[in-house]
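Visitor: I'd like a close look at the aromatic side chains here. Could you walk me through how the rings sit together, and then show me a bit of what lies elsewhere?

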Amino acid sequence: MKNVISSSDFTRKEIEEIFSVADSIKKGKRPKVKGDKVVALAFFEPSTRTFTSFDVAAKRLGFQTTGFRSEHETSVAKEESFADTMRMLSSYADCLVIRHRYDGAAKFASQITDKPVINAGDGKREHPTQSLMDLYTIRDAFGKIDGLTIGIVGDLKYGRTVHSLMSMLTAFKPKRVHLVSPLQLMLPRNFLKGLNYPYSETSDLGKVIADVDVLYATRIQKERFPDEMEYNKVKESYRIDCETVKRMKERAIILHALPRITEIAREVDRTKNAKYFEQARNGVPIRMALFSKVLGA
Ligand code: NCD
């Protein structure tokens, strides 16, 4: 595996291999890597978990990290081009981890550099390492991904975690995916063509809540709306609270890539169904496993 650009780059076998490396990392076994590598974390968009867990994952493997977590810290603020920035970073580092607000930024970077590129979320479309964490957390809870019913609720239009997850799920056989969103934030129609599993669409979470094994909640992506008035109309469309949890299957789990705003009430954190903090914790072993694949055993 050279680059990690898209969720669709992975076969089921590759995903399962990453999961089993992550399993052994969690049991305290380190993958063997040459520790003399430098990883550049090039984050042009805000991030807490993704930046930090990539940084920690690299350091736990003995790599050094460098980089930035805001465009304003770079010469892009002086109008240097993205391409020149990538060219420079690739002459200093052995691997580039990129987050950017534009769709396709990571792919573009991979065409400029011959160093491995890992997409840490670009634009509305891709966040493949998050999808690995999402599916890994599901598999941890149920021992499988096949046969489960998954509800995805919130911003299905702009949410890259949704798009990436739906695409990575095509490597598995979910029983059904319920897509729950306000009309304005429905999944873009072109995504439906690529799906090989049953799905349904509704704006009413109540209709599907009792059917799901996994409820994947998302933040309404304020920064991607062309117009703040439009955001204000939908910003509080869904709120999952303990009443919602009571209507779910007893063993159902709730996931969220985080950050959450108001879509999951804090009281839900204490329920055994809430798995979003565990999902975030899985970022380190999953990203360590990925680095060990990309930067070689
Ligand atoms: C997500 C992202 O950046 O797409 N966050 C993350 O990586 N954990 C989700 C979001 O910002 O809503």
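Guide: Here is a walk through the ring pairs, then the charges over rings, one helix and the cysteines. Bear in mind that this is a predicted model, where local features need pLDDT of at least 70 and side-chain atom pairs count only at pLDDT 80 or more, while totals for chains, interfaces and linings use all residues. Residues are numbered from 1 along each chain as its sequence is written, and side-chain values use heavy atoms, with hydrogens and water left out.

A search of the whole structure turns up 10 aromatic pairs. To pair, rings of Phe, Tyr or Trp (its six-membered ring) need centres within 6.5 Å; planes under 30 degrees apart are stacked, over 60 edge-to-face, and the rest tilted. Take Phe 19 and Tyr 136: their ring centres are 5.2 Å apart and the planes meet at 55°, so this pair is tilted. It ties together distant parts of the chain, with Phe 19 in helix α1 (residues 12-26) and Tyr 136 in helix α5 (residues 128-142), 117 residues apart. Helices (H or I, at least four residues) and strands (E, at least two) are DSSP runs, numbered from the N terminus. Phe 19 is buried, at 1% relative accessible area, and Tyr 136 is buried too, at 0%. Buried means under 20%, exposed over 50%, and partly exposed in between (1.4 Å probe, protein chains only).

Now for Phe 44 and Phe 68: with centres 5.1 Å apart and planes at 80°, the pair is edge-to-face. Phe 44 sits in the loop between β1 (38-43) and α2 (49-60), and Phe 68 is in strand β2 (residues 64-68), 24 residues apart. Both Phe 44 and Phe 68 are buried, and together with Phe 82 and Phe 108 they form one aromatic cluster.

Some rings have a charge over them, meaning NZ of Lys or CZ of Arg within 6 Å of the ring centre and within 35 degrees of the ring normal. Arg 69 lies over the face of Phe 51, 4.0 Å from the ring centre, and Arg 101 lies over Tyr 102 at 4.8 Å.

Further along the chain, 11 of the 12 residues of helix α12 are buried, so α12 is largely enclosed by the rest of the structure. Among those buried residues are Arg 287, Met 288 and Phe 291. After α12 comes Gly 296, with a positive phi near 85°.

As for cysteines, there are 0 disulfides (cysteine sulfur pairs within 2.5 Å). Cys 95 is buried at 0% relative accessibility, whereas Cys 242 is partly exposed at 23%.
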